[in-house]
Amino acid sequence: MHPWPKTAAEAEEIQRRLRPRVSFTGPDRFGTVAGLDVHYRGDDELSAAVVVLDARSLQVVDQALVHGEAAFPYVPGLFAFREIPALVQALERLSKAPELLVCDGHGLAHPRRFGLACHLGVLTGLPSVGVGKTPFVGEFDDPAPARGSWSPIVLDGEVVGRVLRTQPTVRPVFVSPGHRISLETACEQVLRCAPRYRLPEPIRLADHLARYGTVS
DNA sequence: GCGACAG
DNA sequence: ATCTTGTCGC
């Protein structure tokens, strides 16, 4: 991870410079799907995990876990600079690159339209989608109670994501495109990855791996 | 100016 | 993110 920012101003400048590289078109079928998550143990110590699943069976086919330190303080809007170095290292330890990255954090639904999912996608060149557990930016209505229901997240008059209900009557998740994917395909993939629980399986397993050191 | 603010 | 018990419901 080349020149890493030292100040918030530098970090924002990097976001504005990389933002134009984001693409919203790409594959709409994926053979493998990777979930990424980071677990903190203290102020700076962290564990970054990546779990790769067969997109069809949702069975684990690969995984990687790295321990390191946060690369930047936590600042809303600059969250990616904290976890990206460790997450990229974890991705490099996989036997082969996954076809889609499911990130724990927003993508386009970001103040400068360049959240963690976009950043990770652009740096790796891989399709990516952002899945947030809580809202960050934009306005939205509560989606209907049925699984698959959704409502748009609007920021400055632009649709930047969707509030998606992955399970009946369960609190929805916030989906936004990362890189090389459309909002429609992003939601389709997140829903397919969450057949049983609120959070998509790739993220649940990555969280478990980062937290306990093992999947399952 | 003040408050809110992904993980 | 993390600090934290019991409790309600399928």
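Ala, Val, Leu, Ile, Met, Phe, Trp, Tyr, Cys and Pro count here as nonpolar, Asp, Glu, Lys and Arg as charged, and the others, Gly among them, as polar. With those classes in hand, the residues lining the largest pocket divide into nine nonpolar, eight polar and two charged. This is a predicted model, in which local features need pLDDT of at least 70 and side-chain atom pairs count only at pLDDT 80 or more, while totals for chains, interfaces and linings use all residues. Residues are numbered from 1 along each chain as its sequence is written, chains are lettered from A and ligands numbered from 1 in the order in which they are written, and side-chain values use heavy atoms, with hydrogens and water left out.

Let us begin with the sheet. Helices (H or I, at least four residues) and strands (E, at least two) are DSSP runs numbered from the N terminus, and two strands pair if DSSP finds at least two bridges between them. Eight strands make up an open sheet with mixed pairing, in the order β3-β2-β1-β4-β5-β8-β7-β6. At the edges stand β3 (60-69) and β6 (150-155), each with a single partner strand, so one side of each is left without a neighbour in the sheet. From one strand to the next, the twist averages 25 degrees (axes are lines fitted to C-alpha atoms, for helices over the stretch in contact, and angles run from 0 to 180 degrees between N-to-C directions).

Now follow some of the pairings. Strand β1 (residues 32-40) runs antiparallel to strand β2 (residues 45-54), and nine bridges join them; Val38 has Ala48 in β2 as its bridge partner. Nine bridges also join β2 to β3, again antiparallel, and here Val50 stands opposite Ala64 in β3. The hairpin of β2 and β3 has five residues between the strands, and Leu58 in the turn has a positive phi of about 60 degrees. Elsewhere, β6 pairs with strand β7 (residues 158-164) over six bridges in the antiparallel sense, with Val159 in β7 as the bridge partner of Val154. Two residues lie between the strands of the β6 and β7 hairpin, where Asp156 takes a positive phi near 55 degrees.

Next, the pockets. On a 1 Å grid over the protein atoms alone, a pocket is an open set of points where a 1.4 Å probe fits, with protein on both sides within 12 Å along at least five of seven lines, and lining residues have an atom within 4 Å of a point. Grid points are joined across faces, edges and corners, and a volume is the space filled by probe spheres set on the points. The largest pocket has a volume of about 360 Å³. Of its 19 lining residues, Tyr74, Phe79, Asp104, Gly105 and His106 lie nearest its centre.

The second largest pocket has a volume of about 230 Å³, and among the residues that line it are Met1, Trp4, Arg17 and His119. Two elements, α1 (8-18) and α3 (116-124), give two or more residues to this lining. By class, it divides into seven nonpolar, two polar and two charged residues.

Finally, which residues come nearest to DNA strand B? Of the 15 residues around this strand (near meaning that a heavy atom lies within 4 Å), they are Tyr74, Phe79, Asp104, Lys133 and Thr134. Some polar contacts, pairs of N or O atoms within 3.5 Å, can be picked out here. A side-chain N or O atom of His110 is 3.5 Å from a base nitrogen of DNA strand B, and a backbone N or O atom of Leu116 lies 3.3 Å from a base nitrogen of that strand. A polar backbone atom of Lys133 is 2.9 Å from a phosphate oxygen of DNA strand B.

DNA strand C is surrounded by His39, Tyr40, Lys133 and Arg211. A polar side-chain atom of His39 lies 2.5 Å from one of its phosphate oxygens.

Conventions
Polar contact = N/O pair within 3.5 Å; in protein donor to acceptor, adjacent residues only side chain to side chain.
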